[in-house]
Amino acid sequence: MSHLPPPAEPGDGTRAVHAGLPAPRPGRPALPGPVFAAHYHLPGDPAEATYGYGRNANPTWTALETALAGLESPGREAHAVVFASGMAATSAVLFTQLRAGDTAVLPTDGYHGTSGLIPRLEAFGVRVTTVPTGGPRQYAALDGARLMWTESPSNPGLDVCDLAALAEAAHARGALLAVDNTLATPLGQRPLDLGADFSMASGTKGLSGHGDLLLGYVVTRDADAAEALRGWRAAIGAIPGPMETWLAHRSLATLQLRVDRQASNALAVATALRERPEVTGLRHPGLPDDPAHALAARQMRRYGCVVSFTLADRDTAERFLAALRIVDNATSFGGVRSTAERRARWGGDDVPEGFIRLSVGVEDAADLIADLTGALDAAAG
C-alpha cells in the first residue's frame, strides 16, 4: 500500500501550460496543429458525427474550449464556446438569453462596444436599463430583470463590484448574471466560482496576449445554455478561424508568466505615477489605497495590467502620448507590449478629455517608469 500523499492541485502555471492538451501519444505533437477543414468525411447519420461541417465544429475549437473550461472552472464541469471576437461572444449571450419583453441591465461604464448593442436589443423588443459598476443601483436594477451584464474591473474606469453578492441577488430575483472577465483573465478571477452564470472574455486581449488575433469565448456550467450559444454561433457564422484558435491555445502556455509580470509591472507603474502631481484620478485595483482594492482583494487573485489616470486636458494627453518611446499609442490591452491611449478619442466612454488608459506589458518596469515619467516631463514642458 502506498503511503504517498495524494497529488496536490496543480498551480496556475501548470494548469495553463497543460490546458486542453490531448493525452501523450508516441510520435504526436503535444499541441496538435490547426485543422483546416470546411467539411469532413460524413457517411451515414450526420447526428452521429462529432465533426461534419466546418461552421458547426472543428477539432481545434474543441481543444481550446476544453482548455478554457478548465481554466475558468477547474474541478467542476463547464462548457466553453469560442467565437470570432469578444463582441461575437457578448452578442451570443445577450441574444440567446433575452426575448422580447425581457429586461437587460448593462453597465454605464463598461466597454463601449457592449453599449453599442443597446439599440439592437431594443429593436428586438428587449428593454435595457444601465447602471454604473458597483453600489446599490446595481442591486435595485435587478428587480424585474432577466439578465445583468457587468464588468469587474470595469473598462476603462477600473471599478469593481461584488460578484458573489451580485450573483446571489440576481438569482434571488430570477435573473442571470453574465460577467465580462476580459481584464482579469481566468487566472485573475473566476466568475463562475463566484456564482455567475456566464463568464465571457475577449481572447484578443490578455488571453492570447500578443495583439495578433481576434477571438472571444463564453464559459458556462449550464449545458443547455452552451448548446444555445453553439447554435447561435453556427446560425450567424461567428466562427473563429482555426489558425487564430490554435494561436490562442498556444499562447495559454505563457499566460501565467505574462499576467504575473504584467500585474507586478502595473503596480510598479501605478506606484510611480502616484508621485506625479499632474496625474489625477489614478486607478489600479492593486494599489492599497485604490477605492476598489479591498473588494478586489477578496475576489481577485491578480489585479490585471491596466492603469488609468487623467491629465490636465486633451492637448497635454496628446503631448504625453507623442513623447512615449517604449509604450505604443494604440488601443486594446493585455498584450506583451505596453500601450496607452487617450480614451475619449473614441467618443463612447464617459471620461475626461485627458483620460489615459495604460496597458502595462512585460518590459522591464524601470524602463517603463522612465518612459512614462519622461513623457510626463515632456508634456509639461
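This report covers the sheets, helix packing and unusual backbone geometry of a predicted model.

## The seven-stranded sheet

One sheet is open and has 7 strands. Their order is β1-β7-β6-β5-β4-β2-β3, and the pairing is mixed. The edges are β1 (79–83) and β3 (127–131), each of which pairs on one side only. Ignoring direction, neighbouring strands are turned by 20 degrees against each other on average.

Inside this order, β2 (residues 103–107) pairs with β4 (residues 147–151). The two strands are parallel and share 2 bridges. Ala-104 is the residue opposite Leu-147 of β4. Strands of a sheet pair through backbone hydrogen bonds, parallel or antiparallel.

## Helices lying across the sheet

Helix α7 (residues 163–172) lies across β4 and β5 (176–180). It runs at about 150 degrees to β5.

Helix α8 (residues 223–236) lies across β1, β6 (198–202) and β7 (216–220). Its angle to β1 is about 15 degrees.

## α3 against α8

Helix α8 also packs with helix α3 (residues 86–97). The axes are 9 Å apart, at an angle of about 115 degrees. Angles of 65 to 115 degrees count as roughly perpendicular, so α3 and α8 fall in that class. Their crossing is right-handed.

From α3, the contact takes in Ser-91, Ala-92, Val-93, Phe-95, Thr-96 and Gln-97. From α8 come Ala-225, Ala-228, Leu-229 and Trp-232. By type, the contact residues are 7 nonpolar and 3 polar, with no charged residue.

## α12 against α13

A second helix pair is formed by α12 (residues 314–323) and α13 (residues 365–380). Their axes come within 8 Å and cross at roughly 135 degrees. The two helices are therefore oblique to each other. This crossing, too, is right-handed.

On the α12 side, Thr-316, Arg-319, Phe-320 and Ala-323 make the contact. On the α13 side, the residues are Asp-371, Leu-372, Ala-375, Leu-376, Ala-378 and Ala-379. The contact of α12 with α13 has 7 nonpolar residues, 1 polar and 2 charged.

## Strand β11 and its partners

Strand β11 (residues 339–342) pairs with β10 and with β12. Strand β10 (residues 328–329) runs parallel to β11, joined by 2 bridges. Strand β12 (residues 355–359) is antiparallel to β11, over 4 bridges. Ala-340 takes part in both pairings: its partner in β10 is Asn-329, and in β12 it stands opposite Leu-358.

Are the faces of β11 buried or exposed? Both are covered. Thr-339 and Glu-341 are buried on one side, and Ala-340 and Arg-342 are buried on the other.

## Unusual backbone geometry

Most peptide bonds are trans, and most residues other than glycine have a negative phi. Several sites here depart from that pattern.

Two cis peptide bonds precede prolines in the loop between β4 and α7. The bond from Ser-152 to Pro-153 has omega near -5 degrees. The bond joining Asn-155 and Pro-156 has omega of about 15 degrees.

Thr-185 and Ser-332 have positive phi values. Thr-185 sits in the loop between β5 and β6, with phi near 65 degrees. Its relative accessible area is 6%, so Thr-185 is buried. Ser-332 lies in the loop between β10 and β11, with phi near 80 degrees. At 24% relative accessibility, Ser-332 is partly exposed.

Key: Residues numbered from 1 in each chain as written. Predicted model: local features only at pLDDT ≥ 70, side-chain atom pairs only at ≥ 80, totals over all residues. Heavy atoms only, no water. Axes fitted to C-alpha atoms, helices over the stretch in contact; angles between N-to-C directions. Parallel < 35°, antiparallel > 145°, perpendicular 65-115°, else oblique. Left-handed = near helix turned anticlockwise from the far one by under 90°. Contact = heavy atoms within 4.5 Å. Nonpolar A, V, L, I, M, F, W, Y, C, P; charged D, E, K, R; others polar. Buried < 20%, exposed > 50% of the residue type's maximum accessible area, 1.4 Å probe, protein only. Pairing = 2+ DSSP bridges.
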